[in-house]
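Reader: I've got a fold open on my screen and I'd like to learn how to read it. Could you walk me through it?

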Amino acid sequence: MKKLTILSMAFWGVISAGVSAQTTLPRIMLDVTEELGKGKKVNAVFTLEQTDAATGSITTETHKCLLSYGGESSSSYEKRSFNVGFIDDDGNEQYVNLLGLRADCSKWILDASAGDPSRMHNRVSMDILASYARLPYETDNAGRYSSLGHFVEVWVNGDYRGQFGLTGRINREQLGGKETTDGQTRCVIYYCKNYGSGNYLTPYEEGPADGDEVWNSWALKYPDEATADAWQPLLNLFDTAWDDMPDEEFTSTVKRHFYWDNLVDVYLLTMVCGLADVGYKNVYLVCPDITADGRFVIAPVDMDYTFGCTWNGCYWDEKPQLRGANTLHFVRPFSRLVKNDRHGFITSLAKRWAELRDGGLSVASVTQLINGYAQVLDESGAWQRDRELWNYNPVTLGETAQDEAAYMAEWYQANYDR
């Protein structure tokens with residue numbers, strides 16, 4: 001890592017591609033010599049600049065990285081998200097702590113949120129999850145399994161690309177997973193790439209072969225080597241007769257495969273934030289150590305479609321309908337847990353809501369969080385610059401971030417009351 005501090009009492013400004021930017025947000029410059037493409041990693045230089053508001057000094061750090069476009073459905077948008085993988089001079093993976101967010105992370109995300117009319121649904125929802133949800137075992141990240149993040153502005157080869165959300169990719173280290181050593185698979189992390197039968201843990205015709213990195217809509221995110229041992233814990237979930245076993249056996253089976261408190265906390269998140277684009281899609285399914293406990297954690301990774309927002313960036317016209325919870329109704333084991341309270345899940349959910357509704361999930365707390373981010377985006381000028389470049393492409397953006405914040409706060413109040 002190269003780090004350089006430049007003292008300057010002048011407020012930072014740059015003119016690039018017709019955009020005059022004066023901002024208090026951190027600034028990221030990406031320099032690439034090859035054409036970017038989805039799934040295509042190219043060598044790049046990543047430069048991060050920050051201005052100290054009190055002194056006017058500018059701190060600059062520069063890193064080598066591999067850069068690619070990110071996102072699944074969002075990959076069709078012109079404003080594209082980026083995957084950033086930091087490397088050393090020899091091309092080896094390297095941890096980089098950006099803005100004090102993560103010390104154990106080499107892969108970072110610049111989230112474009114192009115389909116999000118607020119540009120902050122994902123960030124606000126992640127912060128809400130971080131306020132109350134913890135892993136049921138100790139980790140170096142105090143048990144937190146949601147990502148931290150910071151809004152930034154981005155330039156690519158000198159061209160302004162708009163406002164982005166910078167966040168470290170949720171990984172084995174954050175989730176407290178045990179590293180694969182001497183060929184022994186311990187932690188496994190899966191990601192369901194799209195909706196389909198695989199998303200609901202329905203029966204399958206043929207399991208994955210040795211070396212398959214994708215099977216039945218599922219991708220193996222960790223370990224890097226796709227082996228039969230790495231796929232077996234997921235197959236065990238598919239092989240469970242979720243719909244047919246007696247109630248007593250079902251409850252004990254759920255608790256054998258999953259951490260109960262994690263199921264409650266994730267389900268509560270879908271309710272309070274209206275997380276509609278979720279099942280096993282848009283989450284990581286994580287077993288920290290298949291040789292020990294063997295239970296799974298569900299960790300949400302993408303929450304753009306919250307606070308009344310639909311998949312195409314529009315808002316529902318009607319009042320909140322607890323749409324996120326409705327989505328999980330079809331996903332095993334939730335599909336049976338919420339049908340009635342024979343298993344105690346609804347009672348657990350109600351108890352958890354009672355614990356949190358006057359604190360971190362109160363209307364006052366969430367509204368303060370939303371308005372705080374809106375103020376940062378408006379006062380930095382980032383919202384206006386992003387709007388000038390991307391309004392109507394693909395969604396309509398309000399004149400100010402506060403316009404969108406007002407809708408989000410109103411939606412949350414209505415959802416909270418319901």
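Author: We'll go through cores, helix faces, helix packing and a few backbone oddities. One caution before that: this is a predicted model.

Reader: Fine. Let's begin with the inside. How many residues does the largest nonpolar core have, and which have the most contacts inside it?

Author: The largest nonpolar core has 85 residues, and W218, Y280, L285 and F307 are those with the most contacts inside it. Helix α4 supplies the largest share of this core, nine residues. There's another core lying apart from it, made of 27 residues, including L36, A44, L67 and V96.

Reader: Let me zoom in on W218. Leaving aside neighbours within four places in sequence, what is W218 in contact with?

Author: Quite a list: Y190, Y191, C192, G198, N199, L201, E213, W231, L234, F238, Y280 and L285, with neighbours within four places in sequence left aside. Two of those, Y280 and L285, are also among the residues with the most contacts inside the core.

Reader: Now helices. How do I read which side of one faces inward?

Author: Start with the general idea: an α-helix has 3.6 residues a turn, so residues three or four places apart point the same way. Now take α3, residues 247-257, where the buried residues are F250, T251, T253, V254 and H257. They sit on the same side of α3, because they cover an arc of only 165° around the axis.

Reader: And what do the buried residues of α3 pack against?

Author: Three helices: α2 (228-239), α4 (260-273) and α6 (334-337).

Reader: Can I try the same reading on α9? Which of its residues are buried?

Author: Those are A382, W383, R385, D386 and W390. Look down the axis of α9 and these buried residues fall within an arc of 165°, so they line one face of the helix.

Reader: L389 is in α9 too. Is L389 buried or partly exposed?

Author: L389 is partly exposed, with a relative accessible area of 37%. Try tracing what it touches: leaving aside neighbours within four places in sequence, L389 is in contact with Y160, R161 and G162. In sequence L389 and R161 are 228 residues apart, yet their C-alpha atoms are 7.9 Å apart in space.

Reader: How do I describe two helices that pack together?

Author: Two packed helices are described by the angle between their axes and the distance between the axes. For α4 and α7 (residues 345-356), the angle is about 65° and the axes are 10 Å apart. That makes α4 roughly perpendicular to α7, and the crossing is right-handed.

Reader: Which residues meet there?

Author: From α4 you have W260, L263, V264, D265, Y267, L268, M271 and V272; from α7 they meet F345, S348, L349, R352, W353 and L356.

Reader: Give me a second pair. At what angle do α1 and α8 pack?

Author: Helix α1 (residues 121-132) and helix α8 (residues 363-380) pack at about 140°, with their axes 10 Å apart. That makes α1 oblique to α8. This crossing is right-handed as well. The contact is made by R123, V124, D127 and I128 on the α1 side, and by V366, L369, I370 and Y373 on the α8 side.

Reader: On to loops. I spotted a lysine, K281, between α4 and β14. Why does K281 count as buried?

Author: The cut-off for buried is under 20% relative accessible area. K281 has 11% relative accessibility, so it counts as buried. Beyond its neighbours within four places in sequence, K281 is in contact with C192, K193, N194, Y195 and N199.

Reader: What about backbone oddities? Which residues have a positive phi although they aren't glycine?

Author: N157 is one, with a phi of about 50°, and N282 is another, at about 70°. N157 is in the loop between β9 (149-156) and β10 (159-168), and at 41% relative accessibility it counts as partly exposed. N282 lies in the loop between α4 and β14, and it is buried, with a relative accessible area of 3%. Y392, which follows α9, also has a positive phi, near 70°.

Reader: And where are cis peptide bonds found?

Author: One runs from R332 to P333, with omega near 5°; P333 is in the loop between α5 (323-328) and α6. Another joins N393 and P394, with omega about 5°, and P394 lies in the loop between α9 and α10 (401-417).

Technical notes: Residues are numbered from 1 along each chain as its sequence is written. This is a predicted model: local features need pLDDT of at least 70, side-chain atom pairs count only at pLDDT 80 or more; totals for chains, interfaces and linings use all residues. Side-chain values use heavy atoms; hydrogens and water are left out. Buried means under 20% relative accessible area, exposed over 50%, partly exposed in between (1.4 Å probe, protein chains only). Helices (H or I, at least four residues) and strands (E, at least two) are DSSP runs, numbered from the N terminus. The arc is that of the directions from the helix axis to the C-beta atoms. Contact means heavy atoms within 4.5 Å. A nonpolar core is a set of buried Ala, Val, Leu, Ile, Met, Phe, Trp, Tyr and Cys residues joined through side-chain atoms within 4.5 Å. Axes are lines fitted to C-alpha atoms, for helices over the stretch in contact, and angles run from 0 to 180 degrees between N-to-C directions. Angles under 35 degrees count as roughly parallel, over 145 as roughly antiparallel, 65 to 115 as roughly perpendicular and the rest as oblique. A crossing is left-handed if the near helix is turned anticlockwise from the far one by less than a right angle, and right-handed if clockwise.
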